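These exercises deal with the enclosed spaces inside one protein model. Work through each task before reading its solution.

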Amino acid sequence: MGRDGQLPLFETKATKGRILFGLYAVSVFVGISLICVYRLIHLPEEGEVGRWAWIGLFLSELWHILYWFVIMCVRWNPIYRYTFKDRLTQRYEKVLPGVDIFVCTANPIIEPPTMVINTVLSVMAYDYPPEKLSVYLSDDGGSSLTFYALLEAAQFSKLWLPFCKKFKVEPRCPEAYFSSTPEPHYDDPLMAGEWSSIKSQKLYEDMRNRIEAAMKVGQISEEIRKQHTGFREWDLVSDPRNHQTILQMLIDGRDGKVVDVEGQPLPTLVYLSREKRPNYHHNYKAGAMNALIRVSSRISNGEIILNVDCDMYSNNSESVRDALCFLMDEERGHEIAYVQFPQCFNNITKNDLYASSLNVIMEVEIAGFDSNGGPCYIGTGCFHRRETLCGKKYSKECEKEQITRNNNRNREVNACVLEETCKVLASCSYEDDTQWGKEMGLKYGCPVEDILTGLSIQCRGWRSIYFTPERKAFLGSAPTTLLQSLIQHKRWSEGDFQIFLSSYCPFICGHKRIPLKLQISYCTYLLWAPNCLPTLYYVFIPSLNLLKGISLFPKISSLWILPFAYVISSNCAYSLGEFIWCGGTLRGWWNDQRIWVFRRTTSYLFGFSETILKLFGFSKSSFAVTSKVADDEESKRYEKEVMEFGAPSPMFTILATLALLNLFTFVGGIIRVIMDKQAQVLDSLLLQILLSGILVFMNFPVYHSLFFRKDKTRMPYSITYQSIALALLACSVALY
């Protein structure tokens, strides 16, 4: 029973199989303890060959052991939540809070307007009172093309929203719905007729074609510009990085006369492109979000704020009600700052070629965060209390408060007047000498402003909740090339490590404010970048010592081989089981292991280097937007699970060099075994040969791209020559 004898709006359940997991963890701990004992008592004497390689390997293993403890802390007892939306409806349907939805885009080329408006339409169609919904699109690209697309979406919504609600369609993203749902049979003539009128009579397709035609031309025609006064704003814009604030209310939900084709009210729809000037830092997505917070507070002032990336369309029309089951729960709702939903994707290949699904992270790790004190904020698919984003600290007084269940829209002010008065809130100078970006809104100065902001909210005393609904709440687009994936993880790891080295490190700012186990949990991601060093050592040094015949592991005939064999095999078995449980495949798990090595030796290395350079003032933070569009050929290769290596990149040089180095050393090790008639080499070097062999097997796509592929996405010849030279040089140095 909840407060006042009412049943709770949600329940929490721990995952099963904790006893087996505990036995696994204890047994692995015993194994790694024995490995440490072996390393210490078999340390080569001073001056003995291989002493420093041995010490370095031991230090690498100590780091991996430390990181294993962090991972175990997260996985120890994940929990899962379940909501009771029927109870929410019974108690609060007439007093539901206002919800403001923020959609952010930055570049109409790599984030096509057709994709953006599909996301906008999907959130406009939520199963929620439309008069309490407001949707804001932040366009940091300042593009008239994006504005035109939103204008088209505003008109289309008058047909789309009633269609969705009448027939309870899912998903409510037009592109996703029409591409995944067959035309209804004529045994339901009403739905078949309306389906036809929207799609078959090409209302949606015509809209999409008009937008794409404008994109091809690269500008809006005079005929279209005359249709809406908002286009006049672009008469003053010559550069997307240097323009005034552009604010347009395309649908004014406050006006009772603004209705859909069935006479029902529509959600408010607002376009915002904040002011940009060359002499002001615009703080990327965090700056856009903060401008939206201020502008929306004047227009609709919804008590709840949902933010989604422009490619993350709503796949579940009941997500708002799910989130409110936590935020409005009588017993615990007052202490919850935000409800985080998983980040899921709709374009993952069968075997997850680039390990982009994040299934294990979303299904296991963040559920573990929830058990340890609350999930991190991952930047999309998150419902916030407005007051917590604006810097409010949790106190005992919050226990007496509930969400203000009214709609505080500024109804008295004319839309045109409201637009003009709100523009100053999105100006460059508004934040000067204020706490915005520091104590208010999203934090500035970090590539992963979401993680930093969520941590700060938790340190102010608030709790957070992680919820994984049976039907995925949001679906987005994962990177479709290897380089995109590596660059994305480079940005994530760089930002996470910056947090760890700053005053916002969980062990500093979270001391006595959040639980110790939550502080440790954050290190799962904050220490991604330094993982590059021990991984590179393990990939590089044992292979080079294999060429010289120096053993760094126990002999096969020694009992000391057992802890190594057990720890390796049990960790692989657990990892495979966990991956399959999260919906993966055997080949998908192998791809995951491959990409894990690729990221640690490239993305995390560059993220680590950039962070250290920035620490000493030699580099500045940057933000790279991940492309959300792929050409037809690229998409076909991705669907066939063919890796892309066509773009020249230093990351590919590292990958190719390490792949060739391990190939050369593996062949050298096999030759040593063949030439050794007494099998002593096999006895002493088998683990190193196996390690090198596994790395060779992992790198098959790299070898294929270097020597066998002839298409334009093969490894560039310049990288092939460089990597061969570097690998041969490393082998030569090791031998001589």
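**Exercise 1.** State how much space lies in the second largest cavity of this predicted model, and find which helix gives the most to its lining.

*Solution.*
1. The second largest cavity holds about 50 Å³ of space.
2. Its lining consists of Phe-345, Ala-355, Ser-356, Leu-358, Pro-479, Ser-485, Gln-488, His-489, Trp-492 and Arg-599.
3. Helix H16 spans residues 482-500. Ser-485, Gln-488, His-489 and Trp-492 fall within that range.
4. With these four residues, H16 gives the most to the lining.

**Exercise 2.** Sort the lining of the second largest cavity into nonpolar, polar and charged residues.

*Solution.*
1. Phe-345, Ala-355, Leu-358, Pro-479 and Trp-492 are the five nonpolar residues.
2. The four polar ones are Ser-356, Ser-485, Gln-488 and His-489.
3. Arg-599 is the one charged residue.

**Exercise 3.** Give the volume of the largest cavity, and determine which helices supply at least two residues of its lining.

*Solution.*
1. The volume of the largest cavity is about 80 Å³.
2. Helices H21 (586-601), H24 (650-675) and H25 (680-698) each supply at least two lining residues.
3. From H21 come Val-597, Phe-598 and Thr-601.
4. H24 has the largest share, four residues: Leu-655, Leu-658, Ala-659 and Asn-662.
5. Leu-695 and Met-698 belong to H25.

**Exercise 4.** How many residues of the lining of the largest cavity are nonpolar, polar and charged?

*Solution.*
1. Thr-601, Asn-662 and Asn-699 make up the three polar residues.
2. Eight residues are nonpolar, among them Val-539 and Phe-598.
3. No charged residue takes part in this lining.

Methods. Residues are numbered from 1 along each chain as its sequence is written. This is a predicted model: local features need pLDDT of at least 70, side-chain atom pairs count only at pLDDT 80 or more; totals for chains, interfaces and linings use all residues. Side-chain values use heavy atoms; hydrogens and water are left out. On a 1 Å grid over the protein atoms alone, a cavity is a set of points where a 1.4 Å probe fits but cannot get out, and a pocket is an open set with protein on both sides within 12 Å along at least five of seven lines; lining residues have an atom within 4 Å of a point. Grid points are joined across faces, edges and corners, and a volume is the space filled by probe spheres set on the points.
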